[in-house]
Amino acid sequence: MIEQFVAKLGTKQRLLTLEVTPPLSPILAGSKEVEKLLTLSSEVAIDAFVCTDSPLAHFKPSSILSSIKLQNLTHKPVVCTLGMRDRNSIALCGDILAANEFGLRSFLCLTGDPIKLGDCAESKGVFEENSLKLMRIIHNLNEGKVLNGKALKDSMEPIYGFQVINSYANNPQSLKTKMRKKISQGKPYALFTQPVYSKEMAECLLQSLDEINAELGTHTTLIFGFFPVVNYKVAIFLRDKLPGVFIPDTWITQLQNAKDNEYEVGLELSRELLTQLRSLHDKIHFMSANKLELVREFYLS
């Protein structure tokens, strides 16, 4: 499954991934969330799911076990999000290695959100290094070596690593520098961006990536993050709490003035943005905080 998805990254074909956060429950199979997901995937051509790893440090079930279950239930590739926040490199390497036997072979590598943002204040962040160490672990495993340099006794199926890049910076050159570092050292198959909220920034990201790929001889693809903003409260949260994301002041003003009509206003702003992004580069990562009806609003209406 995953090879077909990876191959599509290098084409100009439409590509859609959908972010899924495991429910705060011991039950995934047969849960209402999965039933809705199965229905949606029969209606919309979703190429892969991306399973989150306790986003914003809010406790959720294991992203690895949830990803394996989700992949088995949907029969679609799942990119499992892994962060350096909660586990050291021994645990991460062991988890990735063991997941291989269950067919989970693609990982979105993150440093991880700070504990202070979440709902587990008594926990302590590990943060042994940043996401580049996770990428090194994946590269080593693909070469048949584990964390300590010892060789694997048996061959394993290839593992695919992905990374995240901010969608905005006051100094666009600094964002390009970060992008170059992630590509040169991590060699991700694709960079998922944080939510993008302007055509100009999307063009800047694409141009930077094209220049870096040409410079390094790499073939990393960009996948635009898209998070519909359908009310003023969400807009303020994304602007103030999510680093590397910029909501235009015009959006804030329009949503603030919309009052009882803010959902329709936000929907229209978001629809126009998605049309612009898809006209530039039709590879979208759809984030909706598990509000699957929003996917239908944009891909079926």
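**Exercise 1. Is Arg 136 buried, partly exposed or exposed, and what is its relative accessible area? Then work out its salt-bridge partners.**

Welcome! Please keep in mind that this is a predicted model.

*Step 1.* Begin with accessibility. Arg 136 has a relative accessible area of 35%. Partly exposed is the class between under 20% (buried) and over 50% (exposed), so Arg 136 is partly exposed.

*Step 2.* Look for a carboxylate partner. Glu 129 forms a salt bridge with Arg 136, and their closest N and O atoms are 2.8 Å apart. Glu 129 is also partly exposed, with a relative accessible area of 35%.

*Step 3.* Widen the view. Glu 128, Glu 129, Lys 133 and Arg 136 are linked in a network of salt bridges. The structure holds 14 salt bridges.

**Exercise 2. Find the salt-bridge partner of Arg 271 and say where in the chain each residue lies.**

*Step 1.* Arg 271 pairs with Glu 297, with 2.9 Å between the closest N and O atoms.

*Step 2.* This pair links distant parts of the chain: Arg 271 lies in helix α10 (residues 262–280) and Glu 297 in helix α11 (residues 293–299), 26 residues apart.

*Step 3.* Check the accessibilities. Arg 271 is partly exposed at 27%, and Glu 297 is partly exposed at 25%.

**Exercise 3. Describe the surroundings of the buried residue Glu 19.**

*Step 1.* Place the residue: Glu 19 belongs to strand β1 (residues 15–20).

*Step 2.* Search for a charge partner. Glu 19 has no salt bridge, and Lys 60, the nearest side chain of opposite charge, is 11 Å away. A salt bridge needs a nitrogen-to-oxygen distance within 4 Å.

*Step 3.* List the contacts. Leaving aside neighbours within four places in sequence, Glu 19 touches Val 50, Thr 52, His 285, Phe 286, Met 287 and Asn 290.

**Exercise 4. Work out which side of helix α6 is buried and what it packs against.**

*Step 1.* Start with the geometry. Helix α6 (residues 172–186) has 15 residues and reaches 21 Å from its first C-alpha to its last, close to the 21 Å expected.

*Step 2.* Pick out the buried residues: Leu 175, Lys 176, Met 179, Lys 182, Ile 183 and Gly 186. They cover an arc of only 130 degrees around the axis, which puts them on the same side of α6.

*Step 3.* Recall the helix rule: an α-helix has 3.6 residues a turn, so residues three or four places apart point the same way.

*Step 4.* Identify the packing partners. The buried residues of α6 pack against α5 (131–142), β5 (160–165), β6 (190–195) and α7 (199–216).

*Step 5.* Look just past the end. Lys 187 follows α6 and has a positive phi, near 50 degrees.

**Exercise 5. Explore the nonpolar cores and the contacts of Phe 224 and Cys 93.**

*Step 1.* The largest nonpolar core has 55 residues, of which Leu 18, Tyr 197, Phe 224, Phe 286 and Tyr 299 touch the most other members.

*Step 2.* Zoom in on Phe 224. Not counting residues up to four places away in sequence, its contacts include Val 196, Leu 205, Leu 277 and Ile 284. A second, separate core of 20 residues includes Cys 80, Leu 92, Phe 107 and Ile 138.

*Step 3.* Turn to Cys 93, which lies in helix α4 (residues 89–100). At 6% relative accessibility, Cys 93 is buried.

*Step 4.* Follow its contacts along the chain. Cys 93 touches Ile 137, Leu 141, Val 146 and Leu 147, again not counting residues up to four places away in sequence. The C-alpha atoms of Cys 93 and Ile 137 are separated by 6.3 Å, although these residues are 44 apart along the chain.

How values were computed:
Residues numbered from 1 in each chain as written. Predicted model: local features only at pLDDT ≥ 70, side-chain atom pairs only at ≥ 80, totals over all residues. Heavy atoms only, no water. Helix = DSSP H or I, 4+ residues; strand = E, 2+ residues; numbered from the N terminus. Expected span 1.5 Å × (residues − 1). Buried < 20%, exposed > 50% of the residue type's maximum accessible area, 1.4 Å probe, protein only. Arc of directions from axis to C-beta. Contact = heavy atoms within 4.5 Å. Core = buried A, V, L, I, M, F, W, Y, C linked by side-chain atoms within 4.5 Å. Lys, Arg positive; Asp, Glu negative; His and termini not counted.
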